[in-house]
Amino acid sequence: MRIFDPHIHMTSRTTDDYEQMAAAGVRAVVEPAFWLGQPRTSAASFVDYFDSLIGWEPFRAGQFGVRHFATIALNPKEANDPRCRPVLDLLPRYLDKDAVVAVGEIGYDSMTPEEDEAFAAQLALAVAYELPALVHTPHRDKARGCERTLAVVAESGIDAGRVVVDHLNEVTVKLVRDSGCWLGFSIYPDTKMTPSRMVELLREYGTDRMLVNSAADWGRSDPLLTRATGEAMLGAGFSDDDVDKVLWRNPVEFYGQSGRLDLSDLEDPAAVDPETGNSILRGGS
């Protein structure tokens, strides 16, 4: 089973996670820029964070045979903080980078006017830079949040097929499917979706435009739940090809629209020398 996790926050994870993910079949990941758990006090702190997403983290992933890509944005939660708004002016320097395959996470947290403005501005950047967009839906009032999200997407002029609306559930799946956007589902231990619930949605709605991710971060989450979902699909009668489509070909197709998704010469994780390949090399004098 080959797995491409299209939404995972590896900055929050350990090297042990990378090793276990590689052993489970994870060959590539996309890490969206997001909120780190406490307020950032200036735009300058985002510079260091963005630099790590396109520099250090791909290097760290590569030690375990995992290809790492990023999406860059001012996240919805911090779009409400005036100290962070200058980040919008920093984004163009990063959206030109080869390892950046989308603008994201953008969208809504509390559905404020400030989030409206940041969302629209970043969709405009996605259009200007010919990049897909990864959209975060609010954890509260999910249905209204999705309706508002889709309205802003429609107003932006971006092709719906270049947008993935993430963190969906049974309440929002049909609304987003009918919009023409891609559908993202985060599989969590306690909240959001579970492997069994995901299987039922795949039975009802099919495998087209479906992206399954772990969204693993600093909270209670599990980077191996993509694998668990694939196993649940097989146990429910889906074919190996169905699993490969959902866990590999779909994310490759979506992020491939960036023109930057280089998956050539992927190293077989089993071939990594445990004495050298799974130790993080450290620079410095």
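These notebook entries record what I looked up in a predicted model, beginning with its sheet and ending with one aspartate.

**Entry 1: the sheet**

I began with the strand order. Eight strands make up an open sheet, arranged 1-2-3-4-5-6-7-8, and their pairing is parallel. I then noted which strands stand at the edges: these are strand 1 and strand 8 (210-213). Each of the two has a single partner strand, so one side of each is left without a neighbour in the sheet. For the twist, I recorded that neighbouring strands are turned by 25 degrees against each other on average, direction ignored.

**Entry 2: helices on the sheet**

I next looked up two helices that pack on this sheet. Helix 1 (residues 15-24) touches strand 1, strand 2 and strand 3. The direction of helix 1 makes about 130 degrees with that of strand 2. Helix 5 (residues 113-128) touches strand 4 and strand 5 (133-136). For helix 5, I noted an angle of about 160 degrees with the direction of strand 4.

**Entry 3: strand 3 and its partners**

I asked how many of the residues of strand 3 (residues 67-72) are buried. Five of the six are, so the strand is largely enclosed by the rest of the structure. I then took its pairings in turn. Strand 2 (residues 26-32) pairs with strand 3 in the parallel sense over five bridges, and P32 stands opposite T71 of strand 3. Strand 4 (residues 100-107) also pairs with strand 3 in the parallel sense, over three bridges. Here I recorded V103 in strand 4 as the bridge partner of I72.

**Entry 4: strands 6 and 7**

I looked up a further pair in the sheet. Strand 6 (residues 163-166) and strand 7 (residues 182-186) are joined in the parallel sense by two bridges. Within this pair, V165 stands opposite L183 in strand 7.

**Entry 5: D5**

I turned last to D5, which lies in strand 1 (residues 3-5). D5 is buried and yet has no salt bridge. Which side chain of opposite charge is nearest to D5? I found R13, at 9.2 Å; the salt-bridge cut-off is 4 Å.

I then looked for polar partners. The side chains of D5 and S214 are joined by a polar contact of 2.7 Å. The D5 side chain also reaches the backbone nitrogen of H7, at 3.2 Å.

Finally, I listed the contacts of D5, leaving aside neighbours within four places in sequence. They are A28, V29, V30, N213, S214, A215, P223 and T226. S214 thus appears in this list and in the polar contact noted above.

Methods
Residues numbered from 1 in each chain as written. Predicted model: local features only at pLDDT ≥ 70, side-chain atom pairs only at ≥ 80, totals over all residues. Heavy atoms only, no water. Helix = DSSP H or I, 4+ residues; strand = E, 2+ residues; numbered from the N terminus. Buried < 20%, exposed > 50% of the residue type's maximum accessible area, 1.4 Å probe, protein only. Lys, Arg positive; Asp, Glu negative; His and termini not counted. Polar contact = N/O pair within 3.5 Å; in protein donor to acceptor, adjacent residues only side chain to side chain. Contact = heavy atoms within 4.5 Å. Pairing = 2+ DSSP bridges. Axes fitted to C-alpha atoms, helices over the stretch in contact; angles between N-to-C directions.
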